[in-house]
Amino acid sequence: MYPIDLSGKKGVVFGVANDRSIAWSIAQILGEAGAQLALTYQNDRLKDRVVRLADSMEGSIALPCDASEDSQIEEVFQQVGEAFGDISFLVHSIAFANREDLAGRFADTGREGFRVALDVSAYTLIPLVKYAAPLMSSGGSVIAMTFQASQKVYPGYNVMGTAKAALEHCVRQLASEFGEDNVRVNAISAGPIDTLAARGIHGFLDMKKIHAEKAPLKRNIVAEEVAKTALFLCSDMSSGITGSVIPVDAGYHIMAV
């Protein structure tokens with residue numbers, strides 16, 4: 001048990017795909033802190049595993065939602081409102097790019113591949129916050145997941161770096177617009193972590209090796225470290241923080257080379 005108590009708090013976590021996903025690590029720690037969660041799954045292929053994970057946490061539920069469909073976003077928050085009444089936090093851990101757009105030359109990115117990456121990885125945050133905010137009657141916290149490729153060139157990350165740059169601007173814009181409602185919007189910029197999604201990044205193992213060598217802590221991070229930062233951001237201890245990108249990368253972001 002962590003010293004932050006979220007008993008009585010409720011929230012929604014988007015992006016749980018399996019028990020190795022960063023979103024699941026975040027969900028676990030929020031649940032251990034006492035929060036009641038709704039986990040969403042994109043389609044029937046993921047349903048069983050997400051339902052099993054939700055069932056492992058008392059009071060949590062699993063709901064279908066393909067965040068690329070506005071009608072499904074609206075419906076899932078209607079269901080969340082009926083189940084929970086109100087919520088205190090939202091976690092956006094959604095990203096996707098076609099595999100062929102994560103290798104080769106960035107200049108060869110197709111128009112449709114670019115659209116898909118930006119739509120799923122960045123735009124989806126906007127309607128999620130739009131529909132979540134009315135349920136945050138006492139204010140709340142929104143967390144998105146980003147990566148330093150939003151600012152630097154990472155070979156093999158390609159169009160996803162562009163999507164993360166767009167996502168970070170969405171964070172700032174939404175933080176400005178919803179601040180008067182006491183809804184805080186921040187992002188966590190995590191170092192490379194072994195997940196199913198990471199396997200699709202060309203040169204991922206090299207990326208991990210370089211991070212471990214260059215980071216001040218001389219190692220890679222683990223998902224639990226990202227989750228603990230999310231726990232802090234979902235709690236009242238972070239009440240004065242919004243519009244920020246918080247690096248959890250063993251300090252790699254400060255290095256010049």
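Thr146 is buried, with a relative accessible area of 5%. This residue belongs to strand S5, which covers residues 140–146. The model is predicted, and the protein chain in it has 8 helices and 7 strands. The points below cover Thr146, the chain as a whole, and two further buried residues, Thr124 and Val76.

**Thr146 and its surroundings**

- The side chains of Thr146 and Glu168 make a polar contact at 2.7 Å.
- Beyond its neighbours within four places in sequence, Thr146 is in contact with Lys164, Leu167 and Glu168, and also with Ala187, Ile188, Ser189, Ala190 and Val245.
- Thr146 counts as buried because its relative accessible area of 5% falls under the 20% cut-off.

**Overall shape of the chain**

- The radius of gyration of the protein chain is 17 Å, which agrees with the value near 18 Å for a compact globule of 257 residues.
- Taken along the principal axes, the C-alpha atoms fill a box of roughly 45 × 40 × 35 Å.
- Buried residues make up 52% of the 257 residues in the protein chain.
- When contacts between residues at least 6 apart in sequence are considered, 75% of them join residues at least 24 apart.

**Surface and charge**

- About 12200 Å² of the protein chain is exposed, and carbon and sulfur atoms supply 51% of that area.
- The protein chain carries 23 positive and 30 negative side chains.
- The centres of these two sets of charged side chains lie 8 Å apart.

**Thr124, between two helices**

- Thr124 sits in the loop between helix H4 (111–123) and helix H5 (125–132).
- The relative accessibility of Thr124 is 1%, so this loop residue counts as buried.
- A polar atom of the Thr124 side chain lies 2.6 Å from the backbone oxygen of Val120.
- Leaving aside neighbours within four places in sequence, the residues in contact with Thr124 are Ala67, Ser68, His92 and Asp119.

**Val76, within a helix**

- Val76 is part of helix H3, residues 70–84.
- With a relative accessible area of 1%, Val76 is buried.
- Outside the four places on either side in sequence, Val76 is in contact with Phe14, Thr40, Leu63, Pro64 and Cys65.
- Val76 and Val129 are 53 residues apart along the chain, and their C-alpha atoms are separated by 13 Å.

Notes
Residues numbered from 1 in each chain as written. Predicted model: local features only at pLDDT ≥ 70, side-chain atom pairs only at ≥ 80, totals over all residues. Heavy atoms only, no water. Helix = DSSP H or I, 4+ residues; strand = E, 2+ residues; numbered from the N terminus. Buried < 20%, exposed > 50% of the residue type's maximum accessible area, 1.4 Å probe, protein only. Polar contact = N/O pair within 3.5 Å; in protein donor to acceptor, adjacent residues only side chain to side chain. Contact = heavy atoms within 4.5 Å. Rg over C-alpha atoms; globule rule 2.2 N^0.38 Å. Areas by Shrake-Rupley, 256 points an atom, 1.4 Å probe, with all protein chains shown as cover. Lys, Arg positive; Asp, Glu negative; His and termini not counted. Charge placed at Lys NZ, Arg CZ, Asp CG, Glu CD.
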